[in-house]
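Here are my notes on the model you sent. Please read them with the structure open.

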Amino acid sequence: MYEKERFDLAESLYKKGITDKATLKAIIKVERHLFVKQGLLNHAYKDSALYLGHGQTISQPYTVAFMTEKLNVKSGDPVLEIGTGSGYQAAILHEMGARVYTIERNFELYQEVSKLFQNMRLHIYPRCGDGTIGWNEFAPYAGIIVTAGSPSVPPSLKSQLAIGGRLVIPIGNMKEQELYILTKTGEDTFETEIAPNFQFVPLIGKEGWKS
Ligand code: SAM
(Lines give C-alpha, C1' and ligand atoms only; values in the text may rest on other atoms or scores of the structure.)
Protein backbone atom coordinates (compact mmCIF):
# COMPACT_ATOMS: atom_id res chain seq x y z
CA MET A 1 0.00 0.00 0.00
CA TYR A 2 1.21 3.55 -0.85
CA GLU A 3 4.40 2.14 -2.46
CA LYS A 4 4.46 4.71 -5.25
CA GLU A 5 3.89 7.54 -2.73
CA ARG A 6 6.88 6.35 -0.68
CA PHE A 7 9.08 6.13 -3.74
CA ASP A 8 8.00 9.62 -4.86
CA LEU A 9 8.71 10.97 -1.37
CA ALA A 10 12.24 9.49 -1.41
CA GLU A 11 12.80 10.96 -4.88
CA SER A 12 11.69 14.42 -3.69
CA LEU A 13 14.03 14.17 -0.67
CA TYR A 14 16.90 13.23 -3.00
CA LYS A 15 16.14 16.36 -5.05
CA LYS A 16 16.25 18.39 -1.83
CA GLY A 17 19.77 17.13 -1.11
CA ILE A 18 19.44 13.82 0.78
CA THR A 19 21.92 11.47 -0.89
CA ASP A 20 22.60 8.73 1.68
CA LYS A 21 21.36 5.50 0.04
CA ALA A 22 20.57 3.69 3.31
CA THR A 23 18.44 6.62 4.49
CA LEU A 24 16.52 6.84 1.20
CA LYS A 25 15.99 3.05 1.18
CA ALA A 26 14.52 3.25 4.69
CA ILE A 27 12.17 6.08 3.60
CA ILE A 28 10.97 3.84 0.76
CA LYS A 29 10.49 0.87 3.11
CA VAL A 30 8.92 2.31 6.30
CA GLU A 31 5.16 2.80 6.04
CA ARG A 32 4.71 6.34 7.40
CA HIS A 33 0.91 6.07 7.07
CA LEU A 34 0.94 3.56 9.98
CA PHE A 35 2.43 6.26 12.25
CA VAL A 36 -0.02 9.10 11.51
CA LYS A 37 -3.52 9.71 12.78
CA GLN A 38 -6.38 8.09 10.85
CA GLY A 39 -7.77 11.42 9.65
CA LEU A 40 -4.37 12.45 8.17
CA LEU A 41 -3.71 9.33 6.05
CA ASN A 42 -3.93 11.31 2.81
CA HIS A 43 -1.11 13.55 4.02
CA ALA A 44 1.21 10.76 5.19
CA TYR A 45 3.55 10.99 2.19
CA LYS A 46 3.64 14.76 1.86
CA ASP A 47 6.85 16.37 3.02
CA SER A 48 5.24 18.02 6.02
CA ALA A 49 5.03 17.68 9.79
CA LEU A 50 1.67 16.35 11.01
CA TYR A 51 -0.26 16.75 14.26
CA LEU A 52 0.02 13.69 16.52
CA GLY A 53 -2.27 14.68 19.37
CA HIS A 54 -1.15 15.58 22.92
CA GLY A 55 0.23 18.89 21.55
CA GLN A 56 2.97 17.05 19.59
CA THR A 57 3.92 16.44 15.95
CA ILE A 58 5.51 13.79 13.73
CA SER A 59 8.49 15.55 12.10
CA GLN A 60 8.64 16.49 8.43
CA PRO A 61 10.18 13.64 6.34
CA TYR A 62 12.96 15.96 5.11
CA THR A 63 13.96 16.67 8.72
CA VAL A 64 13.86 12.94 9.59
CA ALA A 65 16.01 12.12 6.55
CA PHE A 66 18.47 14.98 7.19
CA MET A 67 18.97 14.01 10.83
CA THR A 68 19.28 10.33 9.94
CA GLU A 69 21.89 11.06 7.28
CA LYS A 70 23.88 13.18 9.75
CA LEU A 71 23.68 10.49 12.45
CA ASN A 72 25.52 8.14 10.07
CA VAL A 73 24.39 4.88 11.73
CA LYS A 74 25.68 1.47 10.71
CA SER A 75 23.88 -1.85 11.08
CA GLY A 76 24.20 -3.12 14.67
CA ASP A 77 24.91 0.32 16.18
CA PRO A 78 23.24 1.12 19.51
CA VAL A 79 21.31 4.37 19.02
CA LEU A 80 19.36 6.46 21.51
CA GLU A 81 16.45 8.64 20.40
CA ILE A 82 14.97 11.31 22.66
CA GLY A 83 11.35 12.15 21.76
CA THR A 84 9.70 8.97 20.40
CA GLY A 85 6.52 10.81 19.33
CA SER A 86 4.83 8.69 16.63
CA GLY A 87 7.71 6.19 16.47
CA TYR A 88 8.45 6.94 12.78
CA GLN A 89 12.03 8.17 13.29
CA ALA A 90 12.76 5.15 15.51
CA ALA A 91 11.33 2.83 12.82
CA ILE A 92 13.60 4.41 10.18
CA LEU A 93 16.69 3.79 12.33
CA HIS A 94 15.51 0.25 13.11
CA GLU A 95 15.02 -0.41 9.37
CA MET A 96 18.67 0.64 8.87
CA GLY A 97 19.73 -2.08 11.31
CA ALA A 98 20.38 0.05 14.40
CA ARG A 99 19.54 -1.24 17.91
CA VAL A 100 17.15 1.53 18.87
CA TYR A 101 16.44 2.78 22.40
CA THR A 102 13.88 5.58 22.52
CA ILE A 103 12.50 7.78 25.30
CA GLU A 104 9.21 9.71 25.35
CA ARG A 105 8.12 11.92 28.27
CA ASN A 106 4.38 11.93 27.43
CA PHE A 107 2.84 8.81 28.99
CA GLU A 108 -0.12 8.52 26.55
CA LEU A 109 2.18 8.79 23.51
CA TYR A 110 4.56 6.26 25.08
CA GLN A 111 1.68 3.80 25.59
CA GLU A 112 0.36 4.26 22.03
CA VAL A 113 3.77 3.87 20.41
CA SER A 114 4.76 0.85 22.52
CA LYS A 115 1.59 -0.92 21.36
CA LEU A 116 2.34 0.04 17.74
CA PHE A 117 5.92 -1.31 17.93
CA GLN A 118 4.53 -4.58 19.34
CA ASN A 119 1.82 -4.90 16.69
CA MET A 120 4.36 -4.20 13.94
CA ARG A 121 6.86 -6.61 15.57
CA LEU A 122 9.55 -3.94 15.62
CA HIS A 123 12.32 -4.74 18.11
CA ILE A 124 12.66 -1.20 19.37
CA TYR A 125 13.15 -0.49 23.08
CA PRO A 126 10.78 2.29 24.27
CA ARG A 127 10.82 3.93 27.67
CA CYS A 128 8.74 6.65 29.33
CA GLY A 129 10.75 9.35 31.10
CA ASP A 130 12.96 12.41 30.85
CA GLY A 131 15.31 11.83 27.91
CA THR A 132 17.48 14.86 28.72
CA ILE A 133 19.30 12.65 31.24
CA GLY A 134 19.70 9.86 28.66
CA TRP A 135 19.51 6.11 29.39
CA ASN A 136 22.73 5.22 31.14
CA GLU A 137 22.08 1.48 31.32
CA PHE A 138 22.79 0.88 27.62
CA ALA A 139 25.44 3.61 27.08
CA PRO A 140 27.71 4.31 25.31
CA TYR A 141 25.72 4.93 22.11
CA ALA A 142 27.14 5.17 18.59
CA GLY A 143 24.45 7.76 17.89
CA ILE A 144 22.08 9.95 19.89
CA ILE A 145 19.28 11.81 18.12
CA VAL A 146 17.13 14.38 19.88
CA THR A 147 13.87 15.26 18.11
CA ALA A 148 12.84 18.20 20.30
CA GLY A 149 14.51 21.61 20.64
CA SER A 150 16.81 22.34 23.58
CA PRO A 151 18.38 25.56 24.95
CA SER A 152 21.78 23.78 25.19
CA VAL A 153 23.35 20.34 24.76
CA PRO A 154 22.47 18.16 27.78
CA PRO A 155 25.75 17.09 29.48
CA SER A 156 24.33 13.61 30.21
CA LEU A 157 23.86 12.97 26.49
CA LYS A 158 27.42 14.11 25.74
CA SER A 159 28.78 11.70 28.31
CA GLN A 160 26.65 8.76 27.10
CA LEU A 161 27.99 9.09 23.53
CA ALA A 162 30.76 6.69 22.45
CA ILE A 163 34.03 8.18 21.20
CA GLY A 164 33.59 8.49 17.42
CA GLY A 165 29.80 8.66 17.86
CA ARG A 166 27.48 11.44 16.75
CA LEU A 167 24.88 13.47 18.64
CA VAL A 168 22.29 15.31 16.54
CA ILE A 169 20.23 17.89 18.44
CA PRO A 170 18.25 21.08 17.67
CA ILE A 171 19.54 24.01 19.78
CA GLY A 172 17.90 27.42 20.04
CA ASN A 173 14.85 29.12 21.51
CA MET A 174 11.39 27.58 21.95
CA LYS A 175 10.36 28.31 18.34
CA GLU A 176 13.45 28.11 16.11
CA GLN A 177 16.61 26.12 16.30
CA GLU A 178 19.82 25.24 14.52
CA LEU A 179 20.72 21.60 14.19
CA TYR A 180 23.97 20.78 16.02
CA ILE A 181 25.84 17.70 14.84
CA LEU A 182 28.49 16.82 17.41
CA THR A 183 31.14 14.18 16.77
CA LYS A 184 32.84 12.94 19.94
CA THR A 185 36.60 13.02 19.37
CA GLY A 186 37.80 12.28 22.94
CA GLU A 187 36.53 11.85 26.55
CA ASP A 188 35.33 15.47 26.62
CA THR A 189 36.11 16.85 23.16
CA PHE A 190 33.73 17.34 20.25
CA GLU A 191 33.72 18.64 16.71
CA THR A 192 30.54 20.56 15.87
CA GLU A 193 28.80 21.18 12.56
CA ILE A 194 25.73 23.46 12.51
CA ALA A 195 22.79 23.49 10.07
CA PRO A 196 20.31 26.41 10.27
CA ASN A 197 16.52 26.79 10.14
CA PHE A 198 14.72 24.02 12.00
CA GLN A 199 11.56 24.11 14.11
CA PHE A 200 10.89 21.58 16.82
CA VAL A 201 8.63 21.39 19.87
CA PRO A 202 10.52 22.05 23.12
CA LEU A 203 12.64 19.45 24.89
CA ILE A 204 11.31 19.60 28.44
CA GLY A 205 13.29 18.13 31.30
CA LYS A 206 16.09 18.40 33.83
CA GLU A 207 18.75 19.28 31.23
CA GLY A 208 16.39 20.96 28.71
CA TRP A 209 13.62 23.56 29.13
CA LYS A 210 11.90 23.66 32.51
CA SER A 211 8.20 22.68 32.28
N1 SAM B 1 10.63 11.57 16.61
C2 SAM B 1 9.22 11.78 16.58
C3 SAM B 1 8.56 11.06 15.46
O4 SAM B 1 9.25 10.36 14.69
O5 SAM B 1 7.33 11.15 15.36
C6 SAM B 1 8.81 13.24 16.61
C7 SAM B 1 9.04 13.81 17.93
S8 SAM B 1 8.11 15.22 18.38
C9 SAM B 1 8.68 16.42 17.25
C10 SAM B 1 9.01 15.58 19.92
C11 SAM B 1 8.68 14.63 21.03
O12 SAM B 1 9.61 14.88 22.10
C13 SAM B 1 7.28 14.83 21.63
O14 SAM B 1 6.56 13.63 21.55
C15 SAM B 1 7.56 15.23 23.09
O16 SAM B 1 6.61 14.73 24.00
C17 SAM B 1 8.94 14.61 23.32
N18 SAM B 1 9.75 15.17 24.41
C19 SAM B 1 9.89 16.47 24.80
N20 SAM B 1 10.75 16.55 25.84
C21 SAM B 1 11.16 15.27 26.10
C22 SAM B 1 12.06 14.70 27.06
N23 SAM B 1 12.71 15.42 27.97
N24 SAM B 1 12.25 13.36 27.03
C25 SAM B 1 11.61 12.58 26.12
N26 SAM B 1 10.73 13.07 25.21
C27 SAM B 1 10.52 14.40 25.20
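The points below take the sheet, then the helices on it, then one helix pair and one residue.

1. Status. This is a predicted model. Please keep that in mind for every point that follows.

2. Sheet order. The sheet is open and has seven strands. Their order is S5-S4-S3-S6-S7-S8-S9, with mixed pairing. Strand S5 (125-128) and strand S9 (189-198) are the edge strands. Each has a single partner strand, so one side of each has no neighbour in the sheet. On average, neighbouring strands are turned by 15° against each other, direction ignored.

3. The S3-S4 pair. Strand S3 covers residues 78-82 and strand S4 covers residues 99-104. The two run parallel and are joined by five bridges. One residue to look at is Pro 78, whose bridge partner in S4 is Arg 99.

4. Helix H3 on the sheet. Helix H3 (residues 61-71) packs on the sheet. It touches S3, strand S6 (141-146), strand S7 (161-172), strand S8 (177-186) and S9. The direction of H3 makes about 150° with that of S7.

5. Helix H4 on the sheet. Helix H4 (residues 88-95) also packs on the sheet. Its strand contacts are S3, S4 and S6. Here the angle is taken to S4: the direction of H4 makes about 170° with that of S4.

6. H2 against H4. How do these two helices cross? Their axes come within 9 Å and cross at roughly 120°. That angle is over 115 but not over 145 degrees, so H2 and H4 count as oblique to each other. The crossing of H2 past H4 is right-handed.

7. Residues in that contact. H2 contributes Ala 26, Ile 27 and Lys 29. H4 contributes Tyr 88, Ile 92 and Glu 95. By class, the contact of H2 with H4 has four nonpolar residues, two charged residues and no polar ones.

8. Lys 29. This residue lies in helix H2 (residues 21-29). Is Lys 29 buried or exposed? Its relative accessibility is 53%, and the cut-off for exposed is over 50%, so Lys 29 counts as exposed. Leaving aside neighbours within four places in sequence, Lys 29 is in contact with Arg 6 and Glu 95. Glu 95 is also one of the H4 residues in the contact with H2.

9. A distance to check. Lys 29 and Phe 117 are 88 residues apart in sequence. In space they are 16 Å apart, C-alpha to C-alpha.

How values were computed
Residues are numbered from 1 along each chain as its sequence is written. This is a predicted model: local features need pLDDT of at least 70, side-chain atom pairs count only at pLDDT 80 or more; totals for chains, interfaces and linings use all residues. Side-chain values use heavy atoms; hydrogens and water are left out. Two strands pair if DSSP finds at least two bridges between them. Helices (H or I, at least four residues) and strands (E, at least two) are DSSP runs, numbered from the N terminus. Axes are lines fitted to C-alpha atoms, for helices over the stretch in contact, and angles run from 0 to 180 degrees between N-to-C directions. Contact means heavy atoms within 4.5 Å. Buried means under 20% relative accessible area, exposed over 50%, partly exposed in between (1.4 Å probe, protein chains only). Angles under 35 degrees count as roughly parallel, over 145 as roughly antiparallel, 65 to 115 as roughly perpendicular and the rest as oblique. A crossing is left-handed if the near helix is turned anticlockwise from the far one by less than a right angle, and right-handed if clockwise. Ala, Val, Leu, Ile, Met, Phe, Trp, Tyr, Cys and Pro count as nonpolar, Asp, Glu, Lys and Arg as charged, and the others, Gly among them, as polar.
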